[in-house]
Amino acid sequence: MTYAPRIVRRDLHFDMQSDIPRYWLNGDAHQTRYFDALSLMFPDGERFFIDSVRAFRPEIVDDPVLDAAVGGFIGQEAMHSREHLAYNERLERQGVGAFALMDIVREVQDRRARTLPPIGQLAVTICLEHFTAMLADHVLRHHATLQKADPRMAAIWRWHALEETEHKAVAFDVYQRVGGTPFVRWRRRCRAMFWITWLFTYRTWQFMWRLSKADGTRKDWLGWLRLLTFLFVAPAPITRISGQWLKWFLPGFHPWQHDNRGLVEITRREYDKLADA
Ligand SMILES: [Fe+2]
Ligand SMILES: [Fe+2]
């Protein structure tokens, strides 16, 4: 491990009951729903991450630093799962069929848990953790992304981005310990990344499509164009993470080779204060 930040569970509650605008990001339906689609995947996705890492915990207890990091990882993901469930309940109240979309995620995760061996499940987790880490880095680094968001929604996304960054290497370090020879580990995680990239992209757009039907914005072509501009031109999260995505395929890749400790330290102060309060 190149860097071992203190990974603490911050038991924060974000207010999802109040008068948050339906289209809380830039007043734009499509941009808002892109983030909402991601949120719909989190509660069950993060439970899957926890289970896949926890399955190997007995094998890493001889490394107290990593074991403590795993404890922090589990605590943080459990809090994300809880808060994004509250987030998604708000979407359900909007009448967009949020729970039906969450059911799709749950079925996929259950099937993965039944059909993939534990190491395959861990490989899926490290790929998805790389995605969350890349997007989190973008959110923390490029403030324009959430600048015009409702501040309450910006707060939950920045909190999640902070903690995804803090624990971005935990599942990966467990995988390095238990995944076999360097070649076997590399081959498995590269294959998994191709598969997961396709599935993650497909699922996000599938959810966007369903949400846009519920919103009545499916034929708002300018809205779709604005979303593509947002994703690929400015602030361009997808374009900007492509380099980090490619680096995954290097045999010696490690998440902390992309050193964003500075971002963690700055953002942490804000949320530590909240957690203490
Ligand atoms: Fe998370
Ligand atoms: Fe995570």
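**Exercise 1.** Which helix gives the most to the lining of the largest pocket, and with how many residues?

*Solution.* The structure is a predicted model.

Step 1. Begin with the space itself: the largest pocket holds about 270 Å³.

Step 2. Find its centre. The lining has 15 residues, and those closest to the centre are Phe131, Thr197, Thr201, Ile238 and Ile241.

Step 3. List the elements that give two or more residues to this lining: helix H1 (29-54), helix H4 (118-141), H7, helix H8 (221-232) and helix H9 (237-247).

Step 4. Among the contributors, H7 gives the most, with five residues.

Step 5. Classify the lining by character: eleven residues are nonpolar, four are polar and none is charged.

**Exercise 2.** Describe the second largest pocket and state which element supplies the largest share of its lining.

*Solution.*

Step 1. The second largest pocket contains about 220 Å³ of space. Its lining is made of 19 residues, of which Ala133, Met134, Asp137, Gln244 and His258 are the closest to its centre.

Step 2. Both H4 and H9 contribute at least two residues to the lining of this second pocket. The largest share, eight residues, comes from H4.

Step 3. In character, the lining of the second largest pocket divides into eight nonpolar, six polar and five charged residues.

**Exercise 3.** Identify the residues that coordinate the iron ion (ligand 1), and determine which residue coordinates both this ion and the iron ion (ligand 2).

*Solution.*

Step 1. Name the donors of ligand 1. They are Glu46 (OE), Glu77 (OE), His80 (ND1), His160 (NE2) and Glu164 (OE), at 1.8 to 2.4 Å from the iron ion.

Step 2. Read their spacing along the sequence, which follows the pattern E-x30-E-x2-H-x79-H-x3-E.

Step 3. Locate two of the donors in the fold. Glu77 and His80 both belong to helix H2 (residues 64-93), where they are three residues apart, about one turn of the helix.

Step 4. Turn to the pair of metals. The iron ion (ligand 1) and the iron ion (ligand 2) lie 3.8 Å apart, and Glu77 coordinates both.

**Exercise 4.** Which residues form a nonpolar patch on the surface with about 390 Å² of accessible area together, and in which helix is Trp198 found?

*Solution.*

Step 1. The nonpolar patch is formed by Trp195, Trp198 and Tyr202.

Step 2. Trp198 is found in helix H7, which spans residues 182-215.

Step 3. Connect this result with Exercise 1: H7, the helix that holds Trp198, also gives the most to the lining of the largest pocket.

Terms used
Residues numbered from 1 in each chain as written. Chains lettered and ligands numbered in written order. Predicted model: local features only at pLDDT ≥ 70, side-chain atom pairs only at ≥ 80, totals over all residues. Heavy atoms only, no water. Patch = residues over 30% accessible without salt bridge, like charges linked within 9 Å, V, L, I, M, F, W, Y side chains within 5 Å. Areas by Shrake-Rupley, 256 points an atom, 1.4 Å probe, with all protein chains shown as cover. Salt bridge = Lys/Arg side-chain N within 4 Å of Asp/Glu carboxyl O. Helix = DSSP H or I, 4+ residues; strand = E, 2+ residues; numbered from the N terminus. 1 Å grid on protein atoms, 1.4 Å probe; cavity = no way out; pocket = protein on both sides within 12 Å on 5 of 7 lines; lining within 4 Å. Points joined across faces, edges and corners; volume = space filled by probe spheres on them. Nonpolar A, V, L, I, M, F, W, Y, C, P; charged D, E, K, R; others polar. Donors = N, O, S within 2.8 Å, 3.2 Å for Na, K, Ca; no water.
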